[in-house]
Amino acid sequence: MSTHVSSPVTPLPRIGPYTLPNRAILAPMAGVTDRPFRQLCRELGAGLVVSEMVTADARLWHTRKSRQRLDHAGEPGPRDVQIAGGDPEMLAEAARLNVAQGAEIVDINMGCPAKKVCNKAAGSALLRDERLVAAILESVVAAVDVPVTLKIRTGWCSESRNGIRVAQLAEAAGIQALAVHGRTREQRYRGDAEYDTIAAIKQAVSLPVFANGDIDSAEKAARVLDYTKADAVMIGRGAQGNPWIFREIEHYLRTGDTLARPTPAEIAAVMHRHLEALHTFYGEHMGVRIARKHVGWYLATRPQAAALRARFNVLEQPSAQHRFVDALAYDAPALASNGSNAA
């Protein structure tokens, strides 16, 4: 079925001076959107990629994890860094320091539902205090000369869905774009994302709005854009083990046609590149271990996925992980049953 969904006259979204090349954005995800994954998604069609959340407390930036999260070496622009915290001055200083290190867009996290973030009055916990939200946004926008964006949820809970008011505060403070996850903090990732609130937010403000939540195919992206009138979709979990989703969305929105899924050989080639990048970025010891969760996502939709993951997770050498991918491309059932090709 061929159907043109988005009008070619609709302008592409802008964030300050930057016009995005398409409407498919990689969401920031802690422990996922590291430099290797960002670069891979960009190569496969993401119009913008956002870094993992970095704490606003610069005193903690000396840790290996923070140093790696702040590493954007070799990445094309615009480099978009997400910061998280609950203190306006600390967030402003974090924004300044990130810009000094090369950030070209600063994103503020008010969407993370994790307890360890919310317990520090950061992430989506901030949505309960609109005065603090306004103070943070004004402080960060005033601190830097680059565009500042914001990621939120629809509210704290179903009785407190204040996304529209927060969006209006954001626009008044000078925020340049707003990403909205279609769940409350209380929902975390349970149930289905709802798009009515995103549509209402888009109606209430004039800044670019990015729809986020449960978008796992090009067709779903088109439906969400059409329903909400959002300017772009932001893909999080839908990209895990599926970085091709960005080129599929871009192609479908541009042509109305469904792009063919990657062949086994293409999948293997991308997995090899991803493994190589992880081993190089983290070093062999950590790279092998971090590769396990990413490869687990690639395997999730395959027959015998649990057995395949079990085989992969005992591999200790980069070369063994690469051999596993080669075997996977040709004989996954045999690999799952005995692993003879993977060692």
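**Exercise 1.** Does Ala30 count as buried, partly exposed or exposed, and at what relative accessibility?

*Solution.* The model is predicted, and the residue is first placed in its chain context: Ala30 belongs to the loop that runs between strand 3 (24-26) and helix 1 (35-43). Its relative accessibility is 48%, and since exposed requires over 50% while buried requires under 20%, Ala30 counts as partly exposed. As for its surroundings, the C-alpha atom of Ala30 is separated by 5.8 Å from that of Met53, a residue 23 positions away along the chain.

**Exercise 2.** Classify the ring pair of Trp244 and Tyr298, and state which parts of the chain the pair ties together.

*Solution.* The structure holds three aromatic pairs, and in this one the ring centres are 6.0 Å apart with the planes at 70°. Because planes over 60 degrees apart count as edge-to-face, the pair of Trp244 and Tyr298 is edge-to-face. Trp244 lies in the loop between strand 11 (232-235) and helix 9 (245-255), whereas Tyr298 lies in helix 11 (residues 284-299), so the pair ties together parts that are 54 residues apart in sequence. Trp244 is buried at a relative accessible area of 3%, and Tyr298 counts as buried at 8%.

**Exercise 3.** Carry out the classification for Phe312 and Phe324.

*Solution.* The ring centres of Phe312 and Phe324 are 5.0 Å apart and their planes stand at 70°, so this pair is edge-to-face. Phe312 belongs to helix 12 (residues 305-313) and Phe324 to helix 13 (residues 318-338), so the pair ties together parts 12 residues apart in sequence. Both Phe312 and Phe324 are buried.

Technical notes
Residues numbered from 1 in each chain as written. Predicted model: local features only at pLDDT ≥ 70, side-chain atom pairs only at ≥ 80, totals over all residues. Heavy atoms only, no water. Phe/Tyr/Trp six-rings, centres within 6.5 Å; stacked < 30°, edge-to-face > 60°. Helix = DSSP H or I, 4+ residues; strand = E, 2+ residues; numbered from the N terminus. Buried < 20%, exposed > 50% of the residue type's maximum accessible area, 1.4 Å probe, protein only.
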